[in-house]
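Reader: I should be grateful for a close look at one part of this model, namely the surface that lies along the DNA. Please explain the terms as they arise.

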2 protein chains.
Amino acid sequence: MSEIGIKDIAAKANVSTATVSYVLNGTRNVKLNTRERVLRVIQEMNYKPNNAAQSLKRKRTNTIGVIAEDVTVFNVPEIIDGINDCADRMDMHILLTNLRLDKRIGREFDRMDSYRHYADNAVSELLSKQVEGIIYIGVHPRDLTGFIDTFGKPIVYTYSYTHHDLSIQYNDEQASYDAMAYLVQKGHTRIGIISGVMDSTPSRLRFNGFYKAVTEYELPFDPQLIKIGDWEAESGYRLTLELLELEQPPTAIVAMNDVMAVGVIRAASEKGVHIPKDLSVIGFDNREFSNYLIPRITTMELPLHEMGYQAMESLALLIKGEKVEKQPMPSCKLIERESVAAPRIR
Amino acid sequence: MSEIGIKDIAAKANVSTATVSYVLNGTRNVKLNTRERVLRVIQEMNYKPNNAAQSLKRKRTNTIGVIAEDVTVFNVPEIIDGINDCADRMDMHILLTNLRLDKRIGREFDRMDSYRHYADNAVSELLSKQVEGIIYIGVHPRDLTGFIDTFGKPIVYTYSYTHHDLSIQYNDEQASYDAMAYLVQKGHTRIGIISGVMDSTPSRLRFNGFYKAVTEYELPFDPQLIKIGDWEAESGYRLTLELLELEQPPTAIVAMNDVMAVGVIRAASEKGVHIPKDLSVIGFDNREFSNYLIPRITTMELPLHEMGYQAMESLALLIKGEKVEKQPMPSCKLIERESVAAPRIR
DNA sequence: ATAGTCTATCTAAACGTTTAGATATAAATT
DNA sequence: AATTTATATCTAAACGTTTAGATAGACTAT
């Protein structure tokens, strides 16, 4: 702790501590003369108010907790950046807790009790730290809601699908629809889909967008074109091979993430199928590598920064006790690169 | 704030607040009987000590500040993960500040005063928040040292080269040497280098490792094989083209980062040079995409987690006022993949 | 000149803990 | 039984701010 306190300033400036506090916070008028004197002393002595004391008295910490399931997952830093960006403007600070879920309890999540244990702990510590609210970044927030509500602190979720009022998400259905629309506009009608695991909400939503496009554009619907992947590159590879072996292969493939798109490229390159001349590919996520592959992948960028920003905005509103009306979901943005072209005329 | 305080617990459990505090902190003996009673009441009322009050009295916040120049830079989250991992074990919390340097003042850093402004602000706020120390993650920490030392709080730098005692870095020279040694062991003697920008310390250190290997293994030294890049893919592309046009082109290339290695691959693929049969490539960083390219790039992985962990460990020591003896630098690890093979016999 | 208004500053209590020292009770020693 | 020692608990001050209410001085309106 800095050893010098408001008393030292008051003494040296020949005023009461109250006056010092007033110039610091601007809560009452202070004569220009004395204000300047106080400010000078503060400067000279390098005084910084003790935030612990302030928080105690003010009953406000200006701090929120951010719980991330794993900060090293690709989309998390960008979200944090968005949160931070907004927090900065509102003079809020971020107490970060990284659950390290994958590393601690493995990828299986078979032991949800263990997950709850870590999550509860994190929340508990943050609450004790007097955070004014919490933002949760991750895909496994179930059950957390009830727990936190016990303490009457607001919480908002990002990057996760909860039934909780405040779950900030991007418009997944629209994104998928837009990807299809883009391909249709390029002239494609036989479009293959490689999905993520079926029990994930993004997969389902993206299918919705897909079907919506199929019916709206009156595309011929062929169930053979729909392949269930698992988000990993290998599944993209394997399923593309299957797609290419079809009697009438698709002229374009939508992979529900860039990682699987990598598999598509690998399969195509092995089979001598040229991308984009023989086959167009669209990915999702705009992962950095998507710009480094040959060809550079056209992909749907997720509005991560915006999501973080919006989450912080909503949380701030909740903290102030204001109603937060549902905002429009931030939407994805198509990044056009080299992996899409018009289909060959046969 | 949770409305219930230690007084409420004390009242309901028929003891003084002191006793409650003792059972909470274990600072004095409390009869088993009463301890249990107090604990029960605490449970029932869902009481969490007010951390602001605790900090104020204890003069300890158990909080450190982490300043990142940009959390979205690829290596930062992993470092934060390491810090967090260690902090967890020591019951320390992390107050995160993201400078967003690139986004705020552009990539030029021509306005270092502006940088100082943001950095100073961040430090100032953290100090006011009573952090017990600071970890700085970034490459531009100059001048910060003096500023913080003013307040007598310890600071440790990561991922940056300072003359400050406590700058946690990995062994760059060794990494470069190891990369060379690996290629030599595969049979290469004509090895091209594509460096990062010359005025960066990593570039210089990696050159040192390179020269060390050249002399130790008595490789023929040809200045034509040394190309100065700028960390970007395009430079890797352009310089590889130059290298391939040499009368006697190299049989292997070390690119000082994976991004430039992408350029190497692009150039090779355009020229019909097969990797790894005709040309071997090693990158640095083990970026995620390096595993998705064709071929998968063999690369040097940076010990980011370990650096973060070590930074936190050292900081904790400093906070306790203990001397921290210089630890051995964490070293990089070669990730063997598909981009290196023995050179063709001609 | 007197009362009323403003303005600038001060006094002192409060925020919710921790903790040194006081006190009361029980156990051990004589 | 009287004294000492050990154990369990209590009392109250302190941590460094903020802020309601008091006070004093200067200005305004009568």
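Author: Four helices supply at least two residues each to the surface near DNA strand C: α2 (17–25) and α4 of chain A, and α2 (17–25) and α4 (51–58) of chain B. Helices (H or I, at least four residues) and strands (E, at least two) are DSSP runs, numbered from the N terminus. This is a predicted model, in which local features need pLDDT of at least 70 and side-chain atom pairs count only at pLDDT 80 or more, while totals for chains, interfaces and linings use all residues. Residues are numbered from 1 along each chain as its sequence is written, chains are lettered from A and ligands numbered from 1 in the order in which they are written, and side-chain values use heavy atoms, with hydrogens and water left out.

DNA strand C is surrounded by 30 residues, and the closest are A:T19, A:R28, B:I6, B:S21 and B:R28. A residue is near a strand if one of its heavy atoms lies within 4 Å of it. α2(B) gives the most to this surface, with five residues. By class, the surface near DNA strand C holds eleven nonpolar, twelve polar and seven charged residues. Here Ala, Val, Leu, Ile, Met, Phe, Trp, Tyr, Cys and Pro count as nonpolar, Asp, Glu, Lys and Arg as charged, and the others, Gly among them, as polar.

Individual atoms may be considered next. A polar side-chain atom of A:T19 lies 2.7 Å from a phosphate oxygen of DNA strand C, and the side chain of B:Q54 has an N or O atom 3.1 Å from a phosphate oxygen of that strand. B:R28, by its side chain, places a polar atom 2.4 Å from a base oxygen of DNA strand C.

DNA strand D has 29 residues around it, the closest being A:I6, A:R28, B:S16, B:T19 and B:R28. Sugar or phosphate holds 56% of the atoms of DNA strand D within 4 Å of the protein, and bases hold the rest. A polar backbone atom of A:I6 is 2.6 Å from a phosphate oxygen of DNA strand D. The side chain of B:T19 brings an N or O atom to 2.7 Å from a phosphate oxygen of this strand, whereas the side chain of B:R28 has an N or O atom 2.6 Å from a base oxygen of DNA strand D. The elements that give two or more residues to this surface are α2 and α4 of chain A together with α2 and α4 of chain B. α2(A) gives the most, with five residues. The surface near DNA strand D divides into eleven nonpolar, eleven polar and seven charged residues.

The two protein chains also meet each other. In contact (heavy atoms within 4.5 Å) are 58 residues of chain A and 58 residues of chain B. Across this interface there are six salt bridges, each a side-chain nitrogen of Lys or Arg within 4 Å of a carboxyl oxygen of Asp or Glu. The side chains of A:R100 and B:D81 form a salt bridge, at 2.8 Å from N to O. α4 (51–58) of chain A is among the elements that each supply at least two residues to the side of chain A that touches chain B. α5(A) gives the most to that side, with seven residues.

Definitions and conventions: A polar contact is a pair of N or O atoms within 3.5 Å; within protein, one must be able to donate a hydrogen and the other to accept it, and residues adjacent in sequence count only if both atoms are side-chain atoms.
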